[in-house]
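Visitor: I am new to this structure and would love a close look at one part of it. Could you pick a single helix and walk me through its surroundings?

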Amino acid sequence: MKKYNSLLNLFRFLLIILTTLVRLGSGGPEENEGVKYANKCEVCKIVSHELQARLEETGKVQEVLEIGYSLDDVKPKKKTQYKKSELRLVESLENICDKILEYNIHKEREDSTRFARGMSQTFKTLHGLVDKGVKVDLGIPLELWDKPSVEITKMKTQCELLLEDYESEIEDWYWKHQEEENLQSYLCTQRYLKNSDQSCLTEGVELKAKGEQGNRQERNAGEQKRTERKREGSDEL
């Protein structure tokens with residue numbers, strides 16, 4: 001009996017050691033929970049694509065601006081095209097990082113396209129189960145499912161730091177190089193990621209959500225069904 005107890009204690013001791021080694025060898029608590037923040041390449045790619053898209057949109061404006069003023073208001077003001085003005089750059093940069101909050105994590109993807117607009121396939125499936133009356137417990141309230149994840153809110157902060165640190169480079173590209181070179185190449189490839197991994201730059205990026213309107217309609221229909229079930233349950237009571 002004593003021999004058996006000794007072997008049992010030894011087994012428990014070895015199990016404790018093994019568990020400790022596994023924990024030490026694994027990532028931090030956030031990685032253990034499946035959290036994987038955007039790396040430098042992913043941040044620069046998404047920010048440059050968002051800003052480039054915004055500039056292309058504002059570049060369609062044909063407005064002519066009058067710049068300068070005089071006390072007697074007689075001297076003619078200088079005129080400049082909006083698409084060649086500083087105002088266009090300022091307005092394009094404004095709230096550009098807020099657009100990051102429109103992204104979602106698509107955990108079914110392994111590369112940088114895991115950051116994309118629209119509902120992920122995983123959450124489409126989960127919403128579908130809930131709409132059918134299946135109880136799904138993710139540890140967070142249902143109304144928070146579609147809120148920005150910790151990876152997305154972190155990337156918004158990363159976006160703000162990137163724009164702050166590389167403000168002069170972006171301005172230099174805007175005034176001197178935008179006609180001959182895209183922003184991703186100028187900012188990411190040649191500067192921000194000069195000595196870093198650039199593999200994600202060759203992967204796709206989704207600036208628009210595919211079928212987002214349909215997804216919204218599906219969510220609204222699902223919410224209506226759940227409301228009807230609650231009413232039916234209260235009526236029975």
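Guide: Here is a tour of one helix, its neighbours and its salt bridges.

Please keep in mind that this is a predicted model. Let us settle on helix α6, which covers residues 150-165. Its partner α7 spans residues 167-177, and the two pack at an angle of about 70°, their axes lying 4 Å apart. Angles of 65 to 115 degrees count as roughly perpendicular, and α6 and α7 are therefore roughly perpendicular to each other. On the α6 side, the contact is made by L163, E164 and D165, while α7 brings E167, E169 and I170. By character, these contact residues divide into two nonpolar and four charged, with no polar ones.

Now look within α6 itself. Here the side chains of E160 and K156 meet in a salt bridge, 2.6 Å from N to O. Being four residues apart in the helix, E160 and K156 are separated by about one helical turn. E160 counts as partly exposed at 36% relative accessibility, whereas K156, at 19%, counts as buried.

Another salt bridge reaches out of the helix: E151 pairs with K107, with their closest N and O atoms 3.3 Å apart. K107 sits in the loop between β3 and β4 and E151 in α6, so this pair ties together parts that are 44 residues apart in sequence. E151 is buried, with a relative accessible area of 4%, but K107 is exposed at 51%.

Finally, α6 has a further neighbour in α8, residues 183-192, where L183, Y186 and L187 are among the buried residues. The buried residues of α8 pack against α6, α7 and α3.

Key
Residues are numbered from 1 along each chain as its sequence is written. This is a predicted model: local features need pLDDT of at least 70, side-chain atom pairs count only at pLDDT 80 or more; totals for chains, interfaces and linings use all residues. Side-chain values use heavy atoms; hydrogens and water are left out. Axes are lines fitted to C-alpha atoms, for helices over the stretch in contact, and angles run from 0 to 180 degrees between N-to-C directions. Angles under 35 degrees count as roughly parallel, over 145 as roughly antiparallel, 65 to 115 as roughly perpendicular and the rest as oblique. Contact means heavy atoms within 4.5 Å. Ala, Val, Leu, Ile, Met, Phe, Trp, Tyr, Cys and Pro count as nonpolar, Asp, Glu, Lys and Arg as charged, and the others, Gly among them, as polar. Buried means under 20% relative accessible area, exposed over 50%, partly exposed in between (1.4 Å probe, protein chains only). A salt bridge is a side-chain nitrogen of Lys or Arg within 4 Å of a carboxyl oxygen of Asp or Glu.
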